[in-house]
Amino acid sequence: MSLKRVLCATTALTLCSTAALAQDSSITIATVNNGDMIRMQGYTDAFTAETGIGVEWVTLEENVLRQRVTTDITTKGGQFDIMTIGMYETPIWGANGWLVPLDDLSAEYDVDDILPAMAGGLSHEGTLYAAPFYGESSMIMYRTDLMEAAGLEMPESPTWEFVREAAIAMTDKDNEIYGVCLRGKAGWGENMAFLTAMSNSFGGRWFDEDWRPQFDTDAWSETLNFYIDLMNEAGPPGASNNGFNENLSLFQQGKCGMWIDATVAASFVTNPEESSVADSVGFALAPNTGLGRNANWLWAWALGIPAGTDQEAEAKQFIEWATSKDYIKLVAENEGWANVPPGARSSLYETPEYQEVPFAEMTLQSILTADPLNPAVDPVPYVGVQFAAIPEFAGIATQVGQEFSAALAGQKSPEEALENAQAIASEEMEAAGY
């Protein structure tokens, strides 16, 4: 089933849900507009038929989703019974008592099967507060035909200098082929997720051990200047507006030689129904500079229940269904193993059919090598690879992301953007009492 057909099915379900289904109750779910979540909506009728619970979806662009669910949970707005959240929000909101603990899931659900990296990032003091729908790291997805035409061979663990060499060699701007596509859209989970992971590989970090911001260091200067120079030399026009979905579209159209982004994208770029280059895609670890850290992150899009919902029992039923082994089998039976939600369960990587999927091993290797306790070359006082798990981070990183996106667009110099980032972070951290 292609994503287009899933979208059609989702629309049909929305229109007919009230009239055609005998529902005992209904839940409202806020989610992100990426392929796996849209695919899940196409199977919701199976859940409703089994349980009698109707489902209403609010599907939003990533930055908008983050704003909506954060506002709703902090104001106790009660708009949603389930929220799609991640490793940044979950431990903080769990500690604040804003989420329902998922400590009573059924034995059949097998919570111990969740990959430790995912369970740990979605827990507070050992209690799970959100269940991973899928987990991800980041890696390089590249055009094997363009790499071969350039006379180069992608190493399993390439350096940033190799990436730059290959990107320039593969670029053919006259034919709208760009050597590299990277996130430029401002947002703490958009360009700052990428740039923070990248800075780790250059020896950068958000804060030193005394919580002093580090944007005035050589490591961050090298990171931002390398990124902007690379994008100017080999990136697509308008890159400061491109996030995950925009770069996915460019890659599927054959316009990117390399794309460094979420491992979850692998199933979409290799799907011949959606991608014009599906038969010529290779995978490699995110780049490094030889300092012992690759530029790969760690994330899960997960389902959590806001405290105070009147539909807690129904919400837990949906979470058990959507993040279960049976859901994975349902997708595999209908769309093939390459299209199941990855990175959440250990048993998936023990499944012989999934071991044959060309990106499965690289995805797992990328997830396992990301270390949220030691993300940078130098010690840090925070937990998180592409974020710092403190309440102030989202606000600071949103502003910093706007500075760096403006620098990519040529509206200010990298040095000015870094100076502003240092001032923003210093002021906010001082105000917060660090």
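The legends below describe close-up views of a predicted model.

**View 1. The four-stranded sheet with strand order S8-S9-S7-S10.**
This sheet is open, and its 4 strands pair in a mixed manner. Strand S8 (178-181) and strand S10 (281-285) are the edge strands; each has a single partner strand, so one side of each has no neighbour in the sheet. From one strand to the next, the twist averages 20°. Strand S7 (residues 138-143) is antiparallel to S10, and 5 bridges link the two. Within S10, Leu-285 is the bridge partner of Met-139.

**View 2. Helix H8 on the sheet S8-S9-S7-S10.**
Helix H8 covers residues 160-170 and packs on the sheet. H8 touches S7, S8 and strand S9 (256-262). The direction of H8 makes about 140° with that of S9. The loop between H8 and S8 holds Glu-176. Phi of Glu-176 is near 60°, a positive value in a residue other than glycine. The relative accessible area of Glu-176 is 41%, which means that this residue is partly exposed.

**View 3. The five-stranded sheet with strand order S2-S1-S3-S11-S6.**
The 5 strands form an open sheet with mixed pairing. At its edges are strand S2 (53-60) and strand S6 (131-136), each of which pairs on one side only. With direction ignored, neighbouring strands of this sheet are turned by 15° against each other on average. Strand S1 (residues 25-32) runs parallel to S2, and 8 bridges join the two strands. Thr-31 stands opposite Thr-59, which belongs to S2.

**View 4. The loop between strands S4 and S5, with Glu-125.**
Glu-125 lies between strand S4 (123-124) and strand S5 (127-128). Its phi is near 50°, which is a positive value in a residue other than glycine. Glu-125 has a relative accessible area of 73% and is therefore exposed.

**View 5. Helices H9 and H17 where their axes cross.**
Helix H9 spans residues 191-201 and helix H17 spans residues 393-408. Their axes come within 9 Å and cross at roughly 85°. H9 and H17 are therefore roughly perpendicular to each other. From H9, the contact is made by Asn-191, Met-192 and Leu-195. From H17, Ala-397, Val-400, Gly-401, Phe-404 and Ser-405 take part. The residues of this contact of H9 with H17 comprise 5 nonpolar, 3 polar and no charged.

**View 6. Surroundings of Met-192 in helix H9.**
Is Met-192 buried or exposed? Met-192 is buried, with a relative accessible area of 0%. Not counting residues up to four places away in sequence, Met-192 touches Gly-187, Trp-206, Trp-220, Gln-386, Ala-397, Val-400, Gly-401 and Phe-404. Met-192 and Ser-405 are 213 residues apart in sequence, and their C-alpha atoms are 9.3 Å apart in space.

**View 7. Helices H10 and H17 in contact.**
The axes of helix H10 (residues 218-234) and H17 come within 10 Å and cross at roughly 40°. H10 and H17 are therefore oblique to each other. The crossing of these two helices, H10 and H17, is right-handed. H10 contributes Trp-220, Leu-224, Tyr-227, Ile-228, Met-231 and Asn-232 to the contact. These residues meet Phe-404, Ala-407 and Leu-408 of H17. The contact of H10 with H17 divides into 8 nonpolar residues, 1 polar and no charged. Phe-404 of H17 is also among the residues in the contact with H9, and Trp-220 of H10 is one of the residues that Met-192 touches.

**View 8. Buried residues of helix H16 and what covers them.**
Helix H16 consists of residues 360-369. Ala-360, Met-362, Thr-363, Ser-366 and Ile-367 are buried in this helix. The elements that cover the buried residues of H16 include helix H6 (116-121) and helix H15 (352-355). Strands S6, S7 and S10 are also among the covering elements. Of these strands, S6 is an edge strand of the sheet S2-S1-S3-S11-S6, whereas S7 and S10 belong to the sheet S8-S9-S7-S10.

Notes
Residues are numbered from 1 along each chain as its sequence is written. This is a predicted model: local features need pLDDT of at least 70, side-chain atom pairs count only at pLDDT 80 or more; totals for chains, interfaces and linings use all residues. Side-chain values use heavy atoms; hydrogens and water are left out. Two strands pair if DSSP finds at least two bridges between them. Axes are lines fitted to C-alpha atoms, for helices over the stretch in contact, and angles run from 0 to 180 degrees between N-to-C directions. Contact means heavy atoms within 4.5 Å. Angles under 35 degrees count as roughly parallel, over 145 as roughly antiparallel, 65 to 115 as roughly perpendicular and the rest as oblique. Ala, Val, Leu, Ile, Met, Phe, Trp, Tyr, Cys and Pro count as nonpolar, Asp, Glu, Lys and Arg as charged, and the others, Gly among them, as polar. Buried means under 20% relative accessible area, exposed over 50%, partly exposed in between (1.4 Å probe, protein chains only). A crossing is left-handed if the near helix is turned anticlockwise from the far one by less than a right angle, and right-handed if clockwise.
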